[in-house]
Every structure is written in structure tokens, then in C-alpha cells.
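Biologist: Thanks for joining me. Could we go through this chain together, one question at a time?

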Amino acid sequence: CRWVTHRVNGRNKSDTRMLTAFGRTMPEADWADEYGIRPQTLRNRITEYGFSPEEALTHKKWSHREGR
């Protein structure tokens, strides 16, 4: 038995969304943390906009001032 944080324990569940990108598989939330984006943004890029996992993680952020 070992002690883990709530964050680690929460990501070690059967309903945790796993994502494979760049040859690595880990929880979606961990990918989002690593790339500095919100998990919901990552999920939307993949499910709503059809990005590949790699594209979703490396997509440049844009602002409304820059336009699309």
C-alpha cells in the first residue's frame, strides 16, 4: 500500500480517458498539463474539430485579435 495524491488517485480509474500521441500513452489530463492547455480544450480539438492527438497538442493558440 502506498500514499498518493488525490490527483494521482483520480487519474487511476477505469473511466480515465487515455490518449496516445508521439508513441506514448497517458491520461488526457496529464497530456493537457504537459502542453499547458485545458483538458476540455484538448478533448474538443479531437472530438469536435477532428484533430489528431498530435495536432491537438501542438496547435498554436490564437486570439480573437489575430483572427483565424
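Modeller: Happy to! A residue is called buried when its relative accessible area is under 20%. Please keep in mind that this is a predicted model.

Biologist: With that cut-off, what share of the residues in the protein chain is buried?

Modeller: Buried means under 20% relative accessible area. The protein chain has 68 residues, and the buried share of them is 22%.

Biologist: In what order do the elements run from the N terminus?

Modeller: The protein chain holds four helices and two strands. Read from the N terminus, their order is α-β-β-α-α-α.

Biologist: Which elements each supply at least two residues of the largest nonpolar core?

Modeller: That core has nine residues, among them Leu 19, Trp 31 and Leu 57. At least two of the core residues come from each of β1 (18-21), α2 (28-35) and α4 (53-58). The elements you asked for are therefore β1, α2 and α4.

Biologist: Why do the buried residues of α3 lie on the same side of the helix?

Modeller: Helix α3 spans residues 39-47, and its buried residues are Leu 42, Arg 43 and Arg 45. They lie on the same side of α3 because the arc they cover around the axis is only 160°.

Biologist: What do these buried residues of α3 pack against?

Modeller: Two residues of α3, Leu 42 and Arg 45, are among the contacts of Ala 56 beyond its neighbours within four places in sequence. Taken together, the buried residues of α3 pack against β1, α2 and α4.

Terms used
Residues are numbered from 1 along each chain as its sequence is written. This is a predicted model: local features need pLDDT of at least 70, side-chain atom pairs count only at pLDDT 80 or more; totals for chains, interfaces and linings use all residues. Side-chain values use heavy atoms; hydrogens and water are left out. Buried means under 20% relative accessible area, exposed over 50%, partly exposed in between (1.4 Å probe, protein chains only). A nonpolar core is a set of buried Ala, Val, Leu, Ile, Met, Phe, Trp, Tyr and Cys residues joined through side-chain atoms within 4.5 Å. Contact means heavy atoms within 4.5 Å. The arc is that of the directions from the helix axis to the C-beta atoms.
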